[in-house]
Amino acid sequence: MAAYAVLGATSWGVTLAALLERAGSDVILVVRSDLEAHAVRAAGGLERLGAGRVLGPRVHVHPAPLTPEHAASLAGALVAVPSHAVRESVLASGLPATVPVVSATKGLDLETSSRMTALLAALGFDPARTGALSGPNLAHEIIRGLPAAAVVAVPDPDLGLAWQHALSHGAFRVYASTDVVGVELAGALKNVIAIAAGAAWGLGFGANAVAAIMTRGLAEMTRLGLALGAELATFNGLAGVGDLAATCFSPLSRNRRFGELLAAGRSPAEAAADIGETVEGARTAPVALRMAAAAGVELPITAEVAAVIGGARTVPEAMLRLLGRPLAREELPRR
């Protein structure tokens, strides 16, 4: 019987494995080692998800690499490891390059300044069968069965439909798109804006300020996306404003919490250690700036986030610089 592979026992990886199983598929959850496999099996998932045993008997937890038998049975694979670990994890997984693959990683590659699907293509996967999954997807809510939606973008519409059916179940609804660039960039860039939003929360600026940061952040996300070939509608949808709103306003957001800790005086390293999981926005900010410079696009909020993370400015200094920008018309990105 065909199965789906999920690379990574992250919060999102375990949640995706559970979703695939609930929708009726056999799942192979590929982890780094026998020790990690044993821990995930014993817990029936991850203790930090706070939902008890969430993985049923159709999820097989397997240390990398996949066996030839498992690899031959795959209908598709989801990559759900942090951006800095994608290359190593995929190479170690034994995943055949002939398998349709979807990146569920909301970040950019620091080494090559590329999107995750571009990195997967460089590793030999067919770009026409490689996609991205994104949206307002807080794993701690989805694993409990709370209503949520996502968007899967694949160049081939028929393959997108297959992924929709594989992942949709109960209160989790998946929409389809062919705008891989837009879905992927939106999912990565919103994490940077959420750090700025978290800093505003941490400084006690209130919801008005956070809404302003979110809205202006969406404008700069969209500007860069359009410059790189994305579709405007994507940034007005689930992967754009939807995911951005959840990440900026939910206390479950790691990136928002990271910004709050920075505002409280913690160093980036201390804040990341306190959170204990990958904060993708911290790695994405400098990559996004390199992309923007090459495309001739200005990203004021992203620039200040990068400056704070790089130690060039404090959070209050960065906020003052944003507040002191010249007054201008509200010009919204458009095609």
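At what angle do H9 and H11 pack, and how far apart are their axes? Select the two helices in this predicted model: the angle is about 145 degrees, and the axes are 10 Å apart. The crossing of H9 and H11 is right-handed.

Now show the side chains at this contact. From H9, select Ala207, Val210, Ala211, Met214, Leu218 and Met221. From H11, select Gly240, Val241, Leu244, Ala245, Cys248 and Phe249. Sorted by class, the contact of H9 with H11 has eleven nonpolar residues, one polar residue and no charged ones.

Stay on H9 and select Ile213, which lies in this helix. Ile213 has a relative accessible area of 11% and is therefore buried, the cut-off being under 20%. Which residues does Ile213 touch, leaving aside its neighbours within four places in sequence? They are Ile193, Ala196, Ala197, Ala200, Ile301 and Met319. For a distance check, pick the C-alpha atoms of Ile213 and Ala194: they are 8.7 Å apart in space, with the two positions 19 residues apart in sequence numbering.

Met319, one of the contacts of Ile213, leads to the next stop. Select helix H16, residues 315–323, where Val315, Ala318 and Met319 are buried. These three cover an arc of only 100 degrees around the axis, so they sit on the same side of H16. An α-helix has 3.6 residues a turn, so residues three or four places apart point the same way. To see what the buried residues of H16 pack against, add H8, helix H9 (207–227), helix H12 (254–263) and helix H15 (300–309).

The last stops are aromatic. A search of the whole structure finds two aromatic pairs. Select Tyr4 and Trp163 for a tilted pair, 5.3 Å centre to centre with 55 degrees between the planes. Tyr4 belongs to strand E1 (residues 3–7) and Trp163 to helix H7 (residues 157–167), so this pair links distant parts of the chain, 159 residues apart. Both Tyr4 and Trp163 are buried.

Then select Trp201 and Phe249, an edge-to-face pair at 5.8 Å centre to centre, with 80 degrees between the planes. This pair also links distant parts of the chain: Trp201 is in helix H8 (residues 180–202), Phe249 is in helix H11 (residues 238–249), and they are 48 residues apart. Are these two rings' residues buried or partly exposed? Trp201 counts as partly exposed because its relative accessibility is 25%, and Phe249 counts as partly exposed at 35%. Phe249 also closes the tour, being one of the H11 residues in the contact with H9.

Methods
Residues numbered from 1 in each chain as written. Predicted model: local features only at pLDDT ≥ 70, side-chain atom pairs only at ≥ 80, totals over all residues. Heavy atoms only, no water. Phe/Tyr/Trp six-rings, centres within 6.5 Å; stacked < 30°, edge-to-face > 60°. Helix = DSSP H or I, 4+ residues; strand = E, 2+ residues; numbered from the N terminus. Buried < 20%, exposed > 50% of the residue type's maximum accessible area, 1.4 Å probe, protein only. Arc of directions from axis to C-beta. Contact = heavy atoms within 4.5 Å. Axes fitted to C-alpha atoms, helices over the stretch in contact; angles between N-to-C directions. Left-handed = near helix turned anticlockwise from the far one by under 90°. Nonpolar A, V, L, I, M, F, W, Y, C, P; charged D, E, K, R; others polar.
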